[in-house]
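The following exercises are to be worked with the sequence and the model at hand. Each task is followed by a solution in steps.

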Amino acid sequence: MRTALITGSGRREGLGFETAWQLAAEGFHVVLSARTVDQVEPLAGELAQEGFDASALELDLLDRASAAEAARQVEERFGRLDVLINNAAVMMPSPTVVDKDLDELMFEFQTNVVGTWSVTQHMLPLLVAGGHGRIVNVSSGAGSFWDPDYGLVNYPGFAMDGFGEMPITAYALTKTALNGLTIKMAKELKGANVLVNAVCPGVTATRPGTEQWARPAVESARGVVWAATLPDGGPTGLFFRDGKQLPW
């Protein structure tokens, strides 16, 4: 049985949990992870009740020891990892570039870029061991300079609970960096048959009240699952939404 680990999958309404559900339906054993195992154990239990194979794992992106321990547990139980979906991220409002709190900025970059990098480093030997590893970095069109719908030039902002319409410049820049990291990873890992791609899931209704202007998680997750299940020889080092390549 193929095994997939999804970071940031501790919310029932979230993209991570919906992605786990869809991969489980494809026959994967899915490992749901979050900063505390209490966040994901009930959700793994829900999947198990539906007849799917699922387990819970504690994984804090900001704690390298936590990432190392998570990799040890995956190796001990499965011996390899077939799919890593780097879904966990944070997004904070950025009033303006000039006024942005730089401590917040560091936290966003530490989570969305450095934390993702750390988890990937620790899981990489397991992905190589499987012989057909797939890494999906959940990105955003906000990190593209040329995506006409979400790009850095034209993206107007993002409606956040309690914040109204606010620009997300710092978040967008973390996703630009993540897209760049995707390219570098893909080049280094091509010889190991590990495909690495970035996926924009689109603006997704993951919080109450967002259903009116964002699409459902079930729809957004399909593009992530598509990238996670690419055949050998499939694309690598590219950026997609709904299986269609996006400009950087």
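**Exercise 1. The chain as a whole**

What percentage of the contacts in the chain with a separation of 6 or more do residues 24 or more positions apart account for? Describe also the secondary structure and the burial of the chain.

Solution. The model is a predicted one.
- Step 1. Among contacts with a separation of 6 or more, 72% are accounted for by residues 24 or more positions apart.
- Step 2. The secondary structure comprises six helices and 12 strands.
- Step 3. The chain has 248 residues, of which 50% count as buried.
- Step 4. About 11300 Å² of the chain is exposed, and carbon and sulfur atoms supply 54% of that area.

**Exercise 2. The surroundings of helix 1**

Determine which residues of helix 1 are buried, and identify the elements against which they pack.

Solution.
- Step 1. A residue is buried when its relative accessible area is under 20%. Nine of the 11 residues of helix 1 are buried, so the helix is largely enclosed by the rest of the structure.
- Step 2. These buried residues are Leu15, Gly16, Phe17, Glu18, Thr19, Ala20, Gln22, Leu23 and Ala24.
- Step 3. The buried residues pack against three strands and helices early in the numbering, namely strand 1, strand 2 (29–34) and helix 2 (37–49), and also against strand 4 (83–86), strand 5 (134–138) and helix 6.
- Step 4. After helix 1 comes glycine 27, which has a positive phi near 100 degrees.

**Exercise 3. The packing of helix 1 on helix 6**

Classify the packing of helix 1 and helix 6, and describe the contact between them.

Solution.
- Step 1. Helix 1 (residues 15–25) packs with helix 6 (residues 217–228) at an angle of about 60 degrees, and their axes are 8 Å apart.
- Step 2. Because of this angle, helix 1 is oblique to helix 6.
- Step 3. The crossing of the two helices is right-handed.
- Step 4. Helix 1 contributes Leu15, Glu18, Thr19, Gln22 and Leu23 to the contact, while helix 6 contributes Ala217, Val218, Ser220, Ala221, Arg222, Val224, Val225 and Ala228.
- Step 5. By character, the residues of this contact are eight nonpolar, three polar and two charged.

**Exercise 4. Two residues of strand 1**

Are isoleucine 6 and threonine 3 buried or exposed? Give the contacts of each residue, not counting residues up to four places away in sequence.

Solution.
- Step 1. Isoleucine 6 is part of strand 1 (residues 3–6), and threonine 3 lies in strand 1 as well.
- Step 2. Isoleucine 6 has a relative accessible area of 0% and is therefore buried. Threonine 3, at 2%, also counts as buried.
- Step 3. Beyond four places in sequence, isoleucine 6 touches Gly16, Ala20, Leu23, Val30, Val31, Leu32, Ser33, Ile85 and Asn87. Its C-alpha atom is 6.3 Å from that of glycine 16, a residue 10 positions away along the chain.
- Step 4. Under that sequence limit, threonine 3 touches Phe28, His29, Val31, Phe78, Leu81, Asp82 and Val83.

**Exercise 5. Two helix residues**

Assign histidine 122 and threonine 182 to a burial class.

Solution.
- Step 1. Histidine 122 belongs to helix 4 (residues 102–130), and threonine 182 to helix 5 (residues 169–189).
- Step 2. Histidine 122 has 26% relative accessibility and so counts as partly exposed. Threonine 182, at 0%, is buried.
- Step 3. Outside four places in sequence, histidine 122 contacts Arg64, Ala67, Ala68 and Ala71. Histidine 122 and alanine 67 are 55 residues apart in sequence, with 6.5 Å between their C-alpha atoms.
- Step 4. Threonine 182, with residues up to four places away left out, touches Asn137, Val196, Asn197, Ala198, Gly237 and Leu238.

Definitions and conventions:
Residues are numbered from 1 along each chain as its sequence is written. This is a predicted model: local features need pLDDT of at least 70, side-chain atom pairs count only at pLDDT 80 or more; totals for chains, interfaces and linings use all residues. Side-chain values use heavy atoms; hydrogens and water are left out. Axes are lines fitted to C-alpha atoms, for helices over the stretch in contact, and angles run from 0 to 180 degrees between N-to-C directions. Helices (H or I, at least four residues) and strands (E, at least two) are DSSP runs, numbered from the N terminus. Angles under 35 degrees count as roughly parallel, over 145 as roughly antiparallel, 65 to 115 as roughly perpendicular and the rest as oblique. A crossing is left-handed if the near helix is turned anticlockwise from the far one by less than a right angle, and right-handed if clockwise. Contact means heavy atoms within 4.5 Å. Ala, Val, Leu, Ile, Met, Phe, Trp, Tyr, Cys and Pro count as nonpolar, Asp, Glu, Lys and Arg as charged, and the others, Gly among them, as polar. Buried means under 20% relative accessible area, exposed over 50%, partly exposed in between (1.4 Å probe, protein chains only). Accessible areas come from the Shrake-Rupley method with a 1.4 Å probe; for residues, only the protein chains shown count as cover.
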